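Q: Please take a close look at one part of this model, a loop residue and its backbone, and then follow the chain outward from there. I am new to the structure, so kindly explain each term as it arises.

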Amino acid sequence: MRVDYIDVLFAVNAVIDYILLSLTMTLTGQYSPRLRLALASILGGAIAVVMFFVPFRGAAMLMLRVSTCSIMTLAAFRYKDSETLIRGCLTLFLVSAALAGAVSAAAPAIAQSRGGAIYMNISLKVLLLGSAITYWLISSVVKPSAFTAQKRTLPILTEINGVTLHITALVDTGNRLIDPISRKKIIVTDKQTVMSAFSGAEYEALKRLNAENAIDCFSALSEGLPGLFGITTCGTALGTGLMLTLKPHRVTVDGADSGEYILGIGINVDAGDGCRAVIGV
């Protein structure tokens, strides 16, 4: 007699849904906070439990899968028009179908698919390790923003030193800069934008910043405002160098508070269309 555990079923599908939603975000360039992705994944895991034990067939199954993709897409992302919503739903549906087929083909002995839900009787440790490897492999293969029809921009609001800065950032899923200490992603903007939040010695230190003196500027800025600035390595097509970082008191991305980002201060960032910053998702 086969025994199916609801907690395993829920956990497997929630983790898989998180991978699928992350890939959808990468492919479409549609930003969403990781917490929102996680909550949408939990919703997807709950729906999978229902789908597994109350399976549908034929047209009913197709409609259920499309509806599930639509619900998860709406839960995970903020859409301003129907075109981007449809693109997001289609992307999630395609990557879901691809991953389900791959799991069934690669692990027929331990994986069972029923009603669009996947059940694997494996330990949590194996599940997490396998999910991390799967996400890394797929992220390395898929082309960022492959399903994005045009350049996307996001409004960024940051509070620095008591000053609120409004920045328009170009979405670039190829920007994967992460601060090694805080493990936060880096929004790259230019020094002219950041200078407007400072005066006196800090303003002059930022004004002197160039590609060769990041360490000197960091030392000068840290004297007056310890803990606010940092320094990290960054790699570009031109090579590897050092970049100043800044920890805003608050960051809002597309109207939603986000604790995932800090600022990276470049020399001159002009991404076109009035964008003075570049953000990864």
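A: **From a loop residue outward**

R183 is located in the loop between β4 and β5. The model is a predicted one, in which local features need pLDDT of at least 70 and side-chain atom pairs count only at pLDDT 80 or more, whereas totals for chains, interfaces and linings use all residues. Residues are numbered from 1 along each chain as its sequence is written, and side-chain values use heavy atoms, with hydrogens and water left out. Strands (E, at least two residues) and helices (H or I, at least four) are DSSP runs, numbered from the N terminus.

The phi angle of R183 is near 60°, a positive value in a residue other than glycine. R183 is exposed, its relative accessible area being 58%. Here exposed means over 50% relative accessible area, buried under 20%, and partly exposed in between, with a 1.4 Å probe and protein chains only. Another positive phi in a residue other than glycine belongs to N161, near 55°. N161 sits in the loop between β3 and β4 (163-171), and with 38% relative accessibility it is partly exposed.

These loops belong to a protein with eight helices and eleven strands. Of its 281 residues, 44% count as buried. Among contacts in the protein with a separation of 6 or more, 66% come from residues 24 or more positions apart; a contact means heavy atoms within 4.5 Å.

One buried position is I156, in strand β3, where the relative accessible area is 2%. Leaving aside residues up to four places away in sequence, I156 touches L165, H166, I167, A169, I187, V251, T252, V253 and I279. I156 and V253 are 97 residues apart in sequence, yet their C-alpha atoms are 4.9 Å apart in space. L165 and I167 also touch T193, as does R276, again not counting residues up to four places away in sequence. T193 belongs to helix α6 (residues 191-195) and, at 15% relative accessibility, is buried.

Charged side chains also link parts of the chain. A search of the whole structure finds four salt bridges, a salt bridge being a side-chain nitrogen of Lys or Arg within 4 Å of a carboxyl oxygen of Asp or Glu. In one of them, the side chains of R250 and E159 meet with an N to O distance of 3.4 Å. This pair links distant parts of the chain, with R250 in strand β8 (residues 250-253) and E159 in strand β3 (residues 153-160), 91 residues apart. R250 is partly exposed, with a relative accessible area of 36%, and E159 is partly exposed at 28%. R250 also forms a salt bridge with D257, where the closest N and O atoms are 3.0 Å apart. Thus E159, R250 and D257 are linked in a network of salt bridges.

Another salt bridge joins E260 to K185, with the closest N and O atoms 3.5 Å apart. E260 is in the loop between β9 (256-257) and β10 (261-266), while K185 is in strand β5 (residues 185-190), 75 residues away, and this pair too links distant parts of the chain. Both E260 and K185 are buried.

Helix packing completes the picture. Helix α7 (residues 200-208) and helix α8 (residues 214-224) pack at about 165°, with their axes 9 Å apart. Axes are lines fitted to C-alpha atoms, for helices over the stretch in contact, and angles run from 0 to 180 degrees between N-to-C directions. Angles under 35 degrees count as roughly parallel, over 145 as roughly antiparallel, 65 to 115 as roughly perpendicular, and the rest as oblique. Therefore α7 and α8 are roughly antiparallel. In this contact, E202, A205, L206 and R208 of α7 meet C217, A220, L221 and G224 of α8. By class, these residues are five nonpolar, one polar and two charged. Nonpolar covers Ala, Val, Leu, Ile, Met, Phe, Trp, Tyr, Cys and Pro; charged covers Asp, Glu, Lys and Arg; the others, Gly among them, are polar.

Helix α1 (residues 6-28) and helix α2 (residues 34-53) pack at an angle of about 135°, with axes 7 Å apart. Therefore α1 and α2 are oblique to each other. Their contact has 16 nonpolar, five polar and two charged residues.
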